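Reader: I have the sequence and the three-dimensional model open and should like to learn how to read them. May I put some questions?

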Amino acid sequence: MSSKPEQKDSHQANGAVLPTVPMNCLASPDRGQLVEPSDFLGPDGVGVEVVVLESRANAKGVREEDALLENGSQSNESDDTSTDRGPEPASPLKETSFSIGLQVLFPFLLAGFGTVAAGMVLDIVQHWDVFKYVTEVFILVPALLGLKGNLEMTLASRLSTAANIGQMDTPKELWKMITGNMALIQVQATVVGFLASIAAVIFGWIPDGHFSLDHAVLLCASSVATAFIASLVLGMIMIGVIIGSRKMGINPDNVATPIAASLGDLITLALLSGISWGLYKELESKAYVNPLVCAFFIALLPIWIIIAKKNAATREVLYSGWEPVIIAMAISSVGGLILDRTVSDPNFAGMAVFTPVINGVGGNLVAVQASRISTYLHMSGMPGESSETAPRKCPSPCSTFFSSDVNSRSARVLFLLVVPGHLVFLYTISSMQGGHTTLTLIFIVFYMTAALLQVLILLYIADWMVHWMWGRDLDPDNFSIPYLTALGDLIGTGLLALSFHILWLIGDRDSDVGD
């Protein structure tokens, strides 16, 4: 390629910067004969490399738009053939409210039933000996269930964005993204699981002033093993969902994060309950088992670190992506402390079955919104670039929920799913005779108020946080969802506990809150 100054104006095609020549420059006026190659010799006879821009040049952009279900009227082709035309950015999302709702509805219900199942499991296992005598396990519940927001949902958002912008189109790129991201989440899961157990020990020790080394090791082994196995299973499921969504022409942003949560709560809680129960049984006769379990999973860390470092896409997250997951784990642990203090009181034992539901639904909806906004911003440039789509000021609630842009439209759709979704989930819990609470009218009113307020706050925070991070050169796919789902756990648990306390104070005996 010539290095002459006049050749600096170029287009970027498939990652290579090449000078371009419009299509009409290659043909004679009657377009019946191509111009001879000698016509493209420079003044000194040196050949100039050219790239023919025909309609196929934008095939990648069209495929990305099809994957996002954009209107057929949009096209990257243009009749303008001037040589100074720069590369056209991907068009913003043009989905209708109906199409958004239709794509989100099934994964949302699936995820909701997953949280209902998790709530039923928690309602049963709260009476097991390990939950009675090692009550700090309750503190682990929101922190480990929050791993789907810290790790799996972040993975789903990251891969959805990569798929939508064409970074997973070839088998080589796909395999590279899979291996790097799977190794990354194993590193994060092991570290976060270990830190969550430390937080549970500290939060359990502060109120009572009691510390047991055996219980601390039990918490560490249970937390690390649960986090590792759950992340491995859910990570593989996420990769399959995103690849399948691309092949079916469905926007992965709309389905990946809810499906990550649909099985995430149930698998994680079932693993935590089973592993902690088994290790508790071995505590008296085989005390060495718990330290061995901790040592085994921690010893695997160097392997996953080496694999993750080989991938440029995950190397940055490996070095800089710890702040959000660790802070999110701490926030979720505060929610776990609220859960522990509340369900330990026999008057509020009925709260256990509803906690995963309200936290899961809020986290699922805000994760969808954050993933969509992040993809929308990535289609306009890179983090930190000044863009009209990335305001740095705190948005007003009106612009978040009532403007005409696609992100506001999706916020309205997601908010409107809260009431009908929770009614279905509450009916399911009631029909399965779960919990210790009768669904009276006043209980439903308080519960729905808490759920609506939780999602309203989360959607507004998501609109501000994703744009704020984008304007400060932080990739929202890696940083926003852990904070948002952790806040969802804290806000949901706090509002639900407040609702149960108010119901108890006003004497709603018909709801049998403390049965």
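Reader: Which residues does Ala-486 contact, leaving aside its neighbours within four places in sequence?
Author: This is a predicted model, in which local features need pLDDT of at least 70 and side-chain atom pairs count only at pLDDT 80 or more, while totals for chains, interfaces and linings use all residues. Residues are numbered from 1 along each chain as its sequence is written, and side-chain values use heavy atoms, with hydrogens and water left out. With contact taken as heavy atoms within 4.5 Å, the residues that Ala-486 touches are Ala-328, Ile-331 and Ser-332.

Reader: Is Ala-486 buried or exposed?
Author: Ala-486 belongs to helix H18; helices (H or I, at least four residues) and strands (E, at least two) are DSSP runs, numbered from the N terminus. A residue is buried under 20% relative accessible area, exposed over 50% and partly exposed in between, with a 1.4 Å probe and protein chains only. Because its relative accessibility is 1%, Ala-486 counts as buried.

Reader: What is the distance in space, C-alpha to C-alpha, between Ala-486 and Ile-327?
Author: Along the sequence, Ala-486 and Ile-327 are 159 residues apart. In space, their C-alpha atoms are separated by 8.7 Å.

Reader: Which residues does Ala-189 touch, not counting those up to four places away in sequence?
Author: Ala-189 sits in helix H6 and is buried, because its relative accessible area is 0%. Its C-alpha atom lies 8.9 Å from that of Thr-226, which is 37 residues away along the chain. The residues that Ala-189 touches are Leu-151, Ala-227, Phe-228 and Ser-231.

Reader: Which helix gives the most residues to the largest nonpolar core?
Author: A nonpolar core is a set of buried Ala, Val, Leu, Ile, Met, Phe, Trp, Tyr and Cys residues joined through side-chain atoms within 4.5 Å. The largest one has 106 residues, and those with the most contacts inside it are Phe-354, Leu-365 and Tyr-447. With 14 residues, the helix that gives the most to this core is H17 (residues 441–471).

Reader: How many residues does the second, separate core have?
Author: This second core includes Ala-156, Leu-159, Met-168 and Met-177. Its number of residues is 17.

Reader: Which helix supplies the largest share of the nonpolar patch on the surface?
Author: Patches are made of residues with over 30% relative accessible area and no salt bridge (a side-chain nitrogen of Lys or Arg within 4 Å of a carboxyl oxygen of Asp or Glu); like charges are joined within 9 Å, and nonpolar side chains (Val, Leu, Ile, Met, Phe, Trp, Tyr) within 5 Å. Phe-194, Ile-198, Ile-202, Trp-205, Ile-206, Phe-211, Leu-213 and Ile-298 form this patch, with about 760 Å² of accessible area together, an area found by the Shrake-Rupley method with a 1.4 Å probe, where for residues only the protein chains shown count as cover. One of them, Leu-213, lies in helix H7 (residues 213–248) and counts as exposed, because its relative accessibility is 58%. The largest share, five residues, comes from helix H6 (residues 171–208).

Reader: How is the aromatic pair of Phe-228 and Trp-304 classed?
Author: Rings of Phe, Tyr and Trp (its six-membered ring) pair if their centres lie within 6.5 Å; planes under 30 degrees apart count as stacked, over 60 as edge-to-face and the rest as tilted. The structure holds 14 such pairs. For Phe-228 and Trp-304, the centres are 6.1 Å apart and the planes differ by 45 degrees, a pair classed as tilted.

Reader: How many residues apart in the chain are Phe-228 and Trp-304?
Author: Phe-228 is buried, because its relative accessible area is 8%, whereas Trp-304 counts as partly exposed at 22%. Their pair links distant parts of the chain, helix H7 and helix H10 (residues 301–309), and the separation in residues is 76.

Reader: What value of phi does Asp-473 have?
Author: Most residues other than glycine have a negative phi. Asp-473 lies in the loop between H17 and H18 and counts as exposed, because its relative accessibility is 53%. Although it is not a glycine, Asp-473 has a positive phi of about 65 degrees.

Reader: What percentage of the residues in the chain are buried?
Author: The secondary structure of the chain comes to 18 helices and two strands. Of its 515 residues, the buried ones make up 52%.
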